Amino acid sequence: MEFLVTMTTRVPDGTSEQAVADIRAREAARARELAAQGHLLRLWRPPLQPGEWRTLGLFSAADAGQLEEVLASMPLRVWRTDEVTPLSPHPSDPAQGPQGAPTTSGGTREPLILDATELTSDPDLAARFAESAHKILTDLVRAGAALGWVEPPSRDEVSKLLDHVVSAANAGDAALRAAYLDRQLVGLGYWLRYARPTHRPHADLEKIAVDAAAHGHGIGRALTAALITDARRAGIEVLTLDARGDNGNALHLYRSLGFSEYGRLPDFVAVGTCRYDKVLYMLDFRQEEGCAS
Ligand SMILES: CC(C)(COP(=O)(O)OP(=O)(O)OC[C@H]1O[C@@H](n2cnc3c(N)ncnc32)[C@H](O)[C@@H]1OP(=O)(O)O)[C@@H](O)C(=O)NCCC(=O)NCCS
């Protein structure tokens, strides 16, 4: 659900310029994290009087309680008062499609989830795939998303990675899924079979990524569910993944699809001076069949 939040900041008298600059920098960093997590959708500045400091924010959260947690996690909250307006969909909202189905920015309409064969057999989509994927990954990483890159990957790196995944998928050692709305790529993800000979029955799910403008509309869930089905069909025994400990949306998504935590490396993921837990999840298909031995 979405919320419009009017955030009014009053800096206490006597606060040094340095302290204000510090907190602004930390607020900007936190805003990037919240955007990457899909909680912060837009920010605007309304007309302001001299000395006035006010921002309008469009937020997304499961409910008012989760929104409060999000707002309280922002450094400027100590000097801020927030006025929250919960928003309900309007039947005439132009962002909704003709039958109330959202258009390009996501919503309730089902995305098309293509596998590697379907994707590569559509010349138009195949030709644009690497570039569109690069844009999604770059924008997410710039906004602080936990995808394994500190700096956005180059176009060449993404291209080589995707070529490798497609070749591996053709050889039965991977699955790639791409989500499309109106023939625009809005998300992707893949798993790769482990290369180590003793780990070959297993695969690792990597880089589930959804365009930030389409977060929270079921695309990540549809991609991950399709990749799980692919793994089951390919006879994968254990599907693993790792995620950053602060990536609440992703961890919730994976748990809701059957993954469970089998380990955690505390303060292992290094992003600048920040350290985050590396959380290890697995989905053991052998247990589903009751034949683990
Ligand atoms: C994690 C990610 C792939 C989820 O994709 P998505 O399309 O936004 O997710 P979905 O809409 O399918 O929602 C899945 C769950 O995530 C949570 N969620 C996702 N977006 C949310 C939002 N904007 N507000 C609140 N919760 C949200 C919900 O808990 C949801 O569970 P629910 O269906 O029980 O409500 C996406 O946020 C993303 O690309 N993040 C950046 C990259 C990343 O972190 N990838 C994972 C690496 S391990």
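Helix α2 (residues 64-72) lies across three strands, namely β1 (2-9), β3 and β4. Against β4, the helix runs at about 150°. Keep in mind that you're looking at a predicted model. From here we'll go through the sheet, then the two domains, then the ligand.

**The sheet under the helix**

- Let's start with the strand order: going across this open sheet of four strands, you meet β2, β3, β1 and β4.
- The pairing in the sheet is antiparallel.
- In general, strands of a sheet pair through backbone hydrogen bonds, and the pairing can be parallel or antiparallel.
- Which strands sit at the edges? They are β2 (40-44) and β4 (80-87), and each of them pairs on one side only.
- Neighbouring strands here are turned by 20° against each other on average, if you ignore direction.
- Zooming in on one pair, β2 meets strand β3 (residues 54-60) in the antiparallel sense, over four bridges.
- Want a spot to look for? Find Arg42, which stands opposite Leu58 in β3.

**Two domains and where they touch**

- The domain assignment splits the protein into domain 1 (2-87) and domain 2 (112-289).
- How many Å separate the centres of the two domains? Taken over C-alpha atoms, the answer is 31 Å.
- The contact between them takes seven residues from domain 1 and nine residues from domain 2.
- On the domain 1 side, helix α1 (residues 17-36) gives the most, with four residues.
- Sorted by class, that side of domain 1 has two nonpolar, three polar and two charged residues.

**Around the ligand**

- The ligand is surrounded by 27 residues.
- If you want to find the closest ones, look for Gly38, His215, Gly216, Gly220 and Arg221.
- Both domains pitch in: the shell around the ligand draws at least three residues from each of domain 1 (2-87) and domain 2 (112-289).
- Which elements each supply at least two residues of that shell? Check β8 (203-210), α6 (219-233) and α7 (248-256).
- The top contributor to the shell is α7, with five residues.
- As for chemistry, the shell divides into 14 nonpolar residues, 12 polar ones and one charged residue.

Note on methods. Residues numbered from 1 in each chain as written. Predicted model: local features only at pLDDT ≥ 70, side-chain atom pairs only at ≥ 80, totals over all residues. Near = placed C-beta within 6 Å. Nonpolar A, V, L, I, M, F, W, Y, C, P; charged D, E, K, R; others polar. Domains from an automatic or database assignment. Contact = placed C-beta atoms within 7 Å. Pairing = 2+ DSSP bridges. Axes fitted to C-alpha atoms, helices over the stretch in contact; angles between N-to-C directions.
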